[in-house]
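User: Please take a close look at one part of this model, the salt-bridge network, and then set it beside the helix packing and the nonpolar core.

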Amino acid sequence: MKYFLWIGFALFGAMVPAPATAAETAPPAAAAPQRVLAWDVEALEATPAMHQTTECPVEGMQAFFYEGVAYKSKPTHVFAYYAAPQGEPPEGGWPAVVCAHGGGGTAYAEWVKTWNEHGYAAIAMDLEGRLPDGRPHANAGPARIDWFGDRELPDHEQWFYHAAADVVRAHSLLRSFAEINPAKIGLTGISWGGTIAAAVAGVDARFAFVIPVYGCGFIHESDNPGLSQWFPPTHMTAVQFRDYQTKWDPSVHLPYAKMPMHWMNGTNDGTFSMEIFQRSASLPAGPTSKSIRIRWLHGHAPGWRQKEIYAFADSVIGDGVPLLKLHQPTFDPATRTVTCQVKGKLVSNSLNFTTADGPWKTRWWDSLVCEVTPDGLTAQLPADAKYFFFNARDERGCLSSTDYVEVKPPQ
């Protein structure tokens with residue numbers, strides 16, 4: 001089974017819409033976009049109907065369809081795998097998680113099993129109207145077309161509307177299962193799924209925690225031309241762009257997210273660059289933390305195998321040891337000394353820096369080991385470094401990171 005994500009222009013080159021006219025691509029108003037909630041959240045919180053199936057069976061998994069929102073006046077069916085850990089559930093029921101896949105992905109039974117191994121029930125659904133073997137099925141919702149390529153359609157016919165709704169509906173379904181603790185249900189998503197999870201964090205307040213992996217908001221400001229080309233002035237009209245900003249982009253929903261969130265990404269991600277990732281992680285109203293890996297591979301399996309995911313979830317819904325807390329770094333321009341306070345027992349660390357400009361995905365990052373002080377970490381930043389951030393690992397090997405800091409030249 002393929003777990004790597006297919007993202008961007010290479011996959012969707014054949015689907016490029018006709019360019020909009022110059023008049024249609026007038027710059028949007030300068031005022032910050034105000035959220036327009038496109039979903040009937042109260043309706044999505046009702047328990048959806050389930051339909052059993054014999055399609056794509058996996059030993060130890062329940063495979064079924066649950067009902068999503070209507071598409072062209074007909075109910076949609078969403079394929080999903082579900083399983084709980086073996087044995088008797090703990091008092092109050094199993095904690096659980098909703099798993100939202102990325103581009104080219106589907107409902108992954110292995111993802112569900114991985115959560116089961118960590119003591120969680122899990123549901124993984126296909127968000128593009130397919131079965132796990134790639135076949136389309138009856139009563140499917142819309143498939144994804146590039147990056148908001150269905151923007152000319154009514155809201156209720158666009159893929160992002162359905163994908164986010166399907167995630168909330170999966171949550172509502174889990175809450176109806178007798179073996180599940182409804183107060184201990186989290187959400188995680190990878191790549192496109194991370195973008196969906198980031199948006200849903202501000203839509204469905206019932207989630208106990210949310211973990212976006214790679215995906216984030218401010219997609220229209222990515223410095224990847226294969227991604228930014230889908231936005232003005234090339235393909236979206238001013239009205240379509242305003243709709244995207246106010247309804248779909250996670251940046252407009254994240255300020256409403258109050259649950260703990262842990263963000264994960266790599267320094268050189270080709271789609272979700274460090275800049276838009278960091279801005280997104282700064283928006284939630286609740287507590288946030290992050291793990292940033294140097295030159296991390298982008299894919300489904302790399303995205304669900306990281307131990308920080310499960311340690312973070314345990315720390316939120318149980319008695320698990322929290323990840324290290326790294327405070328915002330400080331920089332003394334006179335001495336080029338950088339410091340970072342750390343809360344928790346750190347075992348290893350690094351100061352990560354780049355001397356490069358240009359697209360984020362092409363910047364080379366170097367690392368050096370810091371001096372450990374009673375307060376945390378300190379190091380001398382190389383003279384030509386332009387950006388830096390700290391990483392630290394605890395005794396479990398779990399990675400915690402600070403924001404990156406831009407080193408501006410003296411005035």
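Analyst: The salt bridges come first, followed by the helix packing and the core.

This is a predicted model, in which local features need pLDDT of at least 70 and side-chain atom pairs count only at pLDDT 80 or more, while totals for chains, interfaces and linings use all residues. Residues are numbered from 1 along each chain as its sequence is written, and side-chain values use heavy atoms, with hydrogens and water left out.

A salt bridge here is a side-chain nitrogen of Lys or Arg within 4 Å of a carboxyl oxygen of Asp or Glu. By this rule there are 17 salt bridges. One network links Asp126, Glu128, Arg130 and Arg144. Within it, Glu128 pairs with Arg144, their closest N and O atoms being 3.2 Å apart. Glu128 and Arg144 both lie in the loop between strand S5 (121–125) and H4, so the pair ties together parts that are 16 residues apart in sequence. Strands (E, at least two residues) and helices (H or I, at least four) are DSSP runs, numbered from the N terminus. Glu128 also forms a salt bridge with Arg130, with the closest N and O atoms 3.9 Å apart.

Buried means under 20% relative accessible area, exposed over 50%, and partly exposed in between (1.4 Å probe, protein chains only). Glu128 and Arg144 are both buried, and the value for Glu128 is 10%. Another salt bridge joins Asp133 and Arg135, at 2.8 Å between the closest N and O atoms. Asp133 is partly exposed at 43%, and Arg135 is partly exposed at 37%.

Next, the helix packing. H4 (residues 159–175) packs against H5 (residues 192–200) at an angle of about 70°, with the axes 10 Å apart. Axes are lines fitted to C-alpha atoms, for helices over the stretch in contact, and angles run from 0 to 180 degrees between N-to-C directions. H4 is therefore roughly perpendicular to H5, a term for angles of 65 to 115 degrees. The residues that meet include Trp159 and Phe160 in H4, and Trp192 and Ile196 in H5.

H4 also gives the most to the largest nonpolar core, with 11 residues. A nonpolar core is a set of buried Ala, Val, Leu, Ile, Met, Phe, Trp, Tyr and Cys residues joined through side-chain atoms within 4.5 Å. The largest has 108 residues, and Ile123 is among those with the most contacts inside it. Leaving out residues up to four places away in sequence, Ile123 touches residues including Phe64, Val98, Ala170 and Leu173, where contact means heavy atoms within 4.5 Å.

How values were computed: Angles under 35 degrees count as roughly parallel, over 145 as roughly antiparallel, 65 to 115 as roughly perpendicular and the rest as oblique.
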